[in-house]
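Let's take a walk through this structure together, one feature at a time. Have the viewer open and follow along as we go.

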Amino acid sequence: MNKPIDPTLLAGTVSPARARWQREYQSDIGEDRDVHNVSGIPIQPLYTADDRAASGNDETLGYPGQPDYTRGIYATMHRGRTWTQRQLVGLGTPADYNERLLGLLDRGATAVSLIPCNSVYRGYDMDSVEPELLGTCGVVVNNADHMDRCLAGVDVDEISCAMNDPSPFTLFAFMLVAAERRGIDWNRITGTSNQSDYLSHYVANHMFYRLSLPGARRVLMDHIAWCRQHAPRWNPMSVVGQHTQQAGATPAEAMAFTLSTAVQNAEDCIGRGMNPDEILPRFTFFFDISLSFFEEIAKFRAGRRIWARLAKERLGAKDERSWRFKFHAQTSGVDLTRQQPLNNIARVTAQAMAGIFGGLQSLHTDAYDEAYATPSEAGARIAVATQNILREEAHLTDVIDPLGGSFYVESLTDQMEEKIVAIMKTIDDAGGMYKAVEAGLVQRMIGASAMRFQRKVEAGEQVVVGVNKYQADDDFANRPPVERPDAAAMQRHLDEFKAAKAARSSTVVGKALDDLTRAAESKDGNVFGAVVDGARAGLTNEEICTRLRRDLGFGQPLIVV
Amino acid sequence: MTTLDFRPRVLVTKIGLDGHDRGSRIVAAACRDAGMEVIYTPPWQSIPAVVKLAQEEDVDVVGISSLATDHLIVPKLMAALREAGLANVRVVVGGIVPDNEEKLLLESGVREVFHPGSTMDDITTRMREYACEARKAGAAAEEKT
């Protein structure tokens with residue numbers, strides 16, 4: 001169907017050149033495609049100064065480092081300090097993890113990220129799960145000794161460490177204890193309780209099993225309050241849009257859910273008497289970068305300025321540091337294909353570029369082999385190299401916000417902003433993010449979007465190279481057999497763990513557990529503080545999680561199909 | 001597509017430790033839309049729980065979604081199903097399964113592994129075929145006894 005003729009053309013206000021283009025476009029294109037981005041915004045064939053002016057939003061562009069930060073949160077952006085290269089790593093035993101981590105740091109990674117085994121995520125120790133699954137998706141860290149081994153040779157007071165660690169943040173507690181044993185002042189520790197956002201876990205990642213919704217809400221507040229006092233450079237709050245987008249939310253939905261979650265958590269903190277300017281500078285965000293290139297760039301630019309306004313106007317923050325939208329992003333694993341897997345290197349490159357142009361502060365690039373295996377050493381190395389190439393060979397960091405002022409990007413940023421704000425209104429109308437999640441509203445929206453995308457792929461409307469178009473029999477992939485963690489080494493790790501547990505004083509363990517209960521039962525107690533004390537006393541991940549599940553309730557999934 | 005004189009009963013579930021359920025939810029909805037009777041569970045089912053459910057719900061096919069190595073315990077599930085006298089029930093796995101481990105799954109009795117990029121049409125067509133197989137195998141087993 002041809003697009004209707006632009007009314008300005010009829011009004012006679014159009015230049016002869018534009019009129020000619022419009023005429024030629026319409027006659028040459030024939031049946032024009034109906035193009036929408038994933039978030040449902042119609043995409044025109046051409047954007048001009050008129051589109052930008054029509055949005056009436058020109059003054060929002062401004063300068064980097066100045067509100068509303070459309071062009072970036074710092075005056076220097078990537079020209080000054082490039083993004084942090086933070087590769088998510090986790091596998092096997094603590095010794096395995098340590099070896100891989102030191103290798104990555106040698107090759108250019110500039111920060112630590114630790115992903116635990118799914119057993120740890122679920123709140124179990126290694127002696128209560130199927131041995132086949134140990135260490136296959138992350139490192140098996142069950143106590144402070146294990147964390148100390150993971151980080152051997154790593155200067156935890158010099159390098160930023162992200163602990164992928166949902167409530168009750170046992171990994172961070174283990175890390176604090178490991179630092180303390182090395183004589184490191186907690187005031188020097190930097191990094192993030194990555195994915196500390198219990199709402200996104202509950203909705204999309206289902207890692208909430210650890211605690212009930214109200215329990216997780218309480219522990220997050222305690223965590224934020226505790227960190228402010230004892231580890232002031234640590235970011236206790238990482239609000240996550242990555243889970244929801246990987247689960248199927250559109251880029252606009254994922255941004256809206258994330259901002260609504262940030263508002264919920266900030267308002268919860270303020271409700272507990274915290275000052276917004278004491279907590280918001282330590283809020284960070286974590287997003288997915290899909291292959292919808294311009295849509296992702298616009299998503300980040302729009303999100304950045306919406307947050308600045310929310311922080312200032314709705315949350316009452318006065319300090320500019322509270323308004324800055326600091327985010328880590330990860331290239332989308334869902335977009336990667338098992339077929340012709342080397343193509344994934346091109347996909348990751350395009351995704352990473354979108355994130356960089358979107359103004360990210362920290363980046364994880366996926367390994368090309370993720371669609372069929374836990375990333376191999378070779379895959380992980382290429383992922384790091386991709387970042388190095390974009391930064392140092394392609395010179396993407398020379399100019400700040402290089403797409404700023406593009407008629408298309410600016411117009412799309414405006415439209416994404418409008419869409420995101422509208423979705424946030426739906427969440428607000430449902431009583432805020434906590435209530436919307438409790439009622440299953442967010443889960444239903446995500447499910448519908450996931451289904452819509454799947455249908456587009458199956459109808460061939462969304463091309464996936466090598467899957468629904470350009471298939472090939474020989475995909476040139478070298479798929480070496482995937483090796484799982486060495487069973488004998490894992491068995492030794494298990495034996496040592498059991499022995500260490502048995503060697504503890506039962507009085508000390510019992511007291512630490514009772515202290516957890518006391519903190520959970522008292523309104524003024526700080527549960528996270530008790531988790532740190534417990535970690536110091538030798539409590540394990542499962543002991544801490546089990547006790548808090550008993551005291552604060554166990555999360556059950558809300559299933560919406 | 002084969003015409004069936006019965007409504008296939010399928011259990012779509014996840015065992016082990018991972019909670020990523022985008023795939024299992026989409027497959028469950030596709031099976032339902034294709035006219036099957038779908039029993040859907042949250043993630044993290046134990047092997048005994050899946051066996052019990054398969055028995056009680058009298059399912060023809062069990063679909064296990066695995067995105068994060070949980071397929072490594074599927075051979076244990078196969079053994080448990082056989083032990084419970086459910087050898088006729090067909091089991092399929094969908095998700096991220098490396099080639100070398102796919103071989104192990106098939107050897108343990110898994111009927112098929114669906115990889116990323118499989119279409120819903122493909123999956124539902126195969127599920128119906130496996131449901132037919134399961135019914136025939138069940139009937140044959142009953143005749144013997």
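A good place to begin is where the two chains meet: 30 residues from chain B and 34 residues from chain A take part in the contact. Bear in mind as you look that this is a predicted model. On the side of chain B that touches chain A, α1 (22-33) and α4 (99-107) of chain B each supply at least two residues. The largest share there comes from α1(B), with five residues. What is the chemical make-up of the side of chain B that touches chain A? Its residues divide into 15 nonpolar, eight polar and seven charged.

While we are on chain B, let's look at its overall build. Chain B has five helices and five strands, and along the sequence they follow the pattern β-α-β-α-β-α-β-α-β-α. The C-alpha trace of chain B spans about 40 × 30 × 25 Å along its principal axes. How does the radius of gyration of chain B fit with a compact globule? A compact globule with 145 residues would have a radius of gyration near 15 Å, and the 14 Å of chain B agrees with that.

Now move over to chain A and find its open sheet. Five strands make up this sheet, in the order β1-β9-β8-β7-β6 (chain A), and their pairing is parallel. Which strands of chain A sit at the edges? They are β1 (84-85) and β6 (237-240) of chain A, each of which pairs on one side only. As a general reminder, strands of a sheet pair through backbone hydrogen bonds, either parallel or antiparallel.

For a view of one pairing in the sheet, zoom in on strand β7 (residues 283-289) and strand β8 (residues 327-331) of chain A, which run parallel and are joined by five bridges. If you would like a specific spot to check, pick F285(A): its bridge partner in β8(A) is F327(A).

From the sheet, we can step to a helix that lies across it. Helix α12 (residues 251-271) of chain A lies across β6 and β7 of chain A, and runs at about 150° to β6(A). This helix also has a helical partner: α12(A) packs with helix α18 (residues 407-429) of chain A at an angle of about 50°, the axes being 8 Å apart. That angle makes α12(A) oblique to α18(A), and the crossing of the two is right-handed.

Which residues make the contact between these two helices? From α12(A) come A252(A), E253(A), M255(A), A256(A), L259(A) and S260(A), while α18(A) brings M416(A), K419(A), I420(A), I423(A), M424(A) and I427(A). Sorted by type, the residues of the contact of α12(A) with α18(A) are nine nonpolar, one polar and two charged.

Finally, a few backbone details in chain A are worth a visit. P67(A) and D68(A) are joined by a cis peptide bond, with omega of about 5°. D68(A) is placed in the loop between α3 (49-54) and α4 (77-80) of chain A. The loop between α3 and α4 of chain A also holds Y69(A), which has a positive phi of about 65° although it is not a glycine. Another cis peptide bond joins S167(A) and P168(A), where omega is about 10°. For P168(A), look in the loop between β3 (161-164) and α8 (170-181) of chain A.

Key: Residues are numbered from 1 along each chain as its sequence is written. Chains are lettered from A and ligands numbered from 1 in the order in which they are written. This is a predicted model: local features need pLDDT of at least 70, side-chain atom pairs count only at pLDDT 80 or more; totals for chains, interfaces and linings use all residues. Two strands pair if DSSP finds at least two bridges between them. Helices (H or I, at least four residues) and strands (E, at least two) are DSSP runs, numbered from the N terminus. Two residues are in contact if their C-beta atoms, placed from the backbone, lie within 7 Å. Axes are lines fitted to C-alpha atoms, for helices over the stretch in contact, and angles run from 0 to 180 degrees between N-to-C directions. Ala, Val, Leu, Ile, Met, Phe, Trp, Tyr, Cys and Pro count as nonpolar, Asp, Glu, Lys and Arg as charged, and the others, Gly among them, as polar. Angles under 35 degrees count as roughly parallel, over 145 as roughly antiparallel, 65 to 115 as roughly perpendicular and the rest as oblique. A crossing is left-handed if the near helix is turned anticlockwise from the far one by less than a right angle, and right-handed if clockwise. The radius of gyration is taken over C-alpha atoms; the globule rule is 2.2 Å times the number of residues to the power 0.38.
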